[in-house]
Amino acid sequence: MSKQAKMIIHKEYKKGIIDPKLYGSFIEHLGRAVYTGIYEPNHPTADENGFRQDVLELVKALKVPAVRYPGGNFVSGYRWEDGTGDKKDRPVSADLAWHTIEPNEVGIDEFQDWAKKAETDIIMAVNLGTRGPEDARNLVEYCNGNIKTQYAEMRRKNGFDEPFSIKYWCLGNEMDGHWQICHKTASEYGRVALEAGKLMKMIDPNIELVICGSSNYNMDTFGTWEWTVLNEAYSVVDYISLHQYYSRSDCKSTEDFLGRASHMDSFIKGVAAICDAVQAKKHSKKKIHLSFDEWNVWDMSRWGGDAEADEPWREKTHILEQIYTFEDALLVGSMLSTLQNNCDRVKIACMAQLVNVIAPIMTEDGGKAWKQTIYYPYYFASVYGRGECLDAKVFCDIYRTSDGYNVPYVCASVVLAEEKDKIYIFASNLSLEEDTELTLCFEDFGEITPVSKTELYCEDLKAVNTKDCEAVSPTTVALSGRSDTSHTISLRKHSWNMFEFKLN
Ligand code: AHR
């Protein structure tokens, strides 16, 4: 027996245009994300700048629109100028955030080069931990300055005549977290964010700023933090950040874990409500958008699982190298649908991270690069999920998680392609036992034609990909059904799927 479900997709019911930056990612100076991740001068595929081309190819295939850099916790102790200029003059630093050695062989000079090659924009974070407004404005001037002033000239002297033109800037990172270097209270941070933001926009009025929201939904200060920092800095900021990681080991059951996207949805709606409350209180016409700039599956209980993590002051440590299972990919697929379905409010989102550190791409020092399970839903959402997200209504069975979230068995999103010639349905079946027959009712489109079905499925929820064996990979089959206004599609138990339909 299969479960029965129905989805109504009306042409005029829309969530909004998906900002391409919804499919952003993140590279931090952490573990092997930079060194032996994107950069390894002795690697057989390294280009003239030391960038691994095998990794670049995998990143380019994802069409990552923007990458947040250089942290993360790392940024709160970072001296950006240490990573500029002649490499032989750069200092070796102690990174207090991760207790490792930072050789400063890669900094913004190199990263902007890598970003060009990866065909991606940079979302730059400034240090509001050990540093403050003056240093933040200096960095904006270094990157974006186009007149003959000290930091713009410093960039030119380093070989870059043209400004890097970085548009999106994060005002620090997770400043509410006690672990953060120079952690602050909400009002301390709100004041600094306002003043730093003011100076940064005086240097370049075209930039857009992200203020730090809570480090996650479970922080004791969640809600009051957002309220306070927005009250302080509303006039200067454009986005507020959300961060959230989920892990199977924090959940009582697989069903609870697979249902975490419902939690993500409530988190987004909660932060949007706080933004709107501050807007109303301030009688402001400006809407603050959301930047979900760290999201993924991450089992923090395995953080210290690597012996190296306990041994401080090493370089290129194998830390946070989570190996993703098939069930992790299922949740990632649902999280992507949740982000799409909230595209009216979430304008930036960054899968954290991109290479080696809790990442879809893994590398071996001197060896292969390969795709983790979570690469696939990210790839399909990023490549095909561009255009307009439709407000489709799903009618299906729901279950309740042990912590009280109601989860539809079918987690789905619908995207009308930019050219308005195709519709993509992204749909996970979260039932561990039963397949689902999903009837799609297309309204006001005329007849439409099924084209293909891509499925990510594995009987073993714990299956993983390794450098030598890709146990979890998608299959795509052509669909041969006739043109109609209604189509029934099959979703296998615990599977993630993408269906393509052609508008006639
Ligand atoms: O992405 C790993 C870490 O998680 C980041 O450095 C930090 O911002 C978050 O706590």
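Hi everyone. Let me start with a term: by a polar contact I mean a pair of N or O atoms within 3.5 Å. With that in hand, look at the ligand in this predicted model. A polar side-chain atom of Glu 28 sits 2.6 Å from one of the ligand's oxygen atoms, so by that cut-off the two make a polar contact.

Glu 28 has company. Glu 294 brings a polar side-chain atom to 2.7 Å from a ligand oxygen, and Asn 173 does so at 3.0 Å. How much of the ligand does the protein bury? On its own the ligand exposes 290 Å², and 95% of that is buried by the protein.

If you'd like to find the shell on screen, the residues around the ligand include Phe 26, Trp 98, Tyr 245, Trp 298 and Ile 358. Gly 72, Asn 73 and Gln 353 are also among them. By class, the shell splits into five nonpolar, four polar and three charged residues.

Now over to Arg 68, which belongs to strand 4, residues 66–69. Is Arg 68 buried or exposed? Its relative accessibility is 1%, so it counts as buried. Beyond its sequence neighbours within four places, Arg 68 is in contact with residues including Phe 26, Asn 173 and Glu 294, and those three names also appear in the ligand shell. Ser 25, His 243, Asp 293 and Cys 350 are among its other contacts.

Next, helix 1, residues 53–62. Its buried residues are Asp 54, Val 55, Leu 56, Leu 58, Val 59 and Leu 62. What do they pack against? Their partners are helix 2, strand 13, strand 14 and helix 10. Just past the end of helix 1, Lys 63 adopts a positive phi of about 50°.

Helix 10 covers residues 375–384, which takes us nicely to the aromatics. The whole structure holds 27 aromatic pairs. Take Tyr 379 and Phe 380: their ring centres are 4.9 Å apart and their planes meet at 85°, so this pair is edge-to-face. Phe 380 is buried because its relative accessibility is 7%, while Tyr 379, at 22%, counts as partly exposed. Both belong to a cluster linked by ring pairs, along with Tyr 375, Tyr 376, Tyr 384, Tyr 424, Phe 426 and Trp 496.

One last pair: Tyr 399 and Tyr 409 are tilted, with 4.9 Å between centres and 45° between planes. Tyr 399 lies in strand 17 and Tyr 409 in the loop between strands 18 and 19, 10 residues apart. Tyr 399 is buried at 9%, and Tyr 409 is buried at 18%. Thanks, everyone!

Conventions:
Residues are numbered from 1 along each chain as its sequence is written. This is a predicted model: local features need pLDDT of at least 70, side-chain atom pairs count only at pLDDT 80 or more; totals for chains, interfaces and linings use all residues. Side-chain values use heavy atoms; hydrogens and water are left out. A residue is near a molecule or strand if one of its heavy atoms lies within 4 Å of it. A polar contact is a pair of N or O atoms within 3.5 Å; within protein, one must be able to donate a hydrogen and the other to accept it, and residues adjacent in sequence count only if both atoms are side-chain atoms. Accessible areas come from the Shrake-Rupley method with a 1.4 Å probe; for residues, only the protein chains shown count as cover. Ala, Val, Leu, Ile, Met, Phe, Trp, Tyr, Cys and Pro count as nonpolar, Asp, Glu, Lys and Arg as charged, and the others, Gly among them, as polar. Helices (H or I, at least four residues) and strands (E, at least two) are DSSP runs, numbered from the N terminus. Buried means under 20% relative accessible area, exposed over 50%, partly exposed in between (1.4 Å probe, protein chains only). Contact means heavy atoms within 4.5 Å. Rings of Phe, Tyr and Trp (its six-membered ring) pair if their centres lie within 6.5 Å; planes under 30 degrees apart count as stacked, over 60 as edge-to-face and the rest as tilted.
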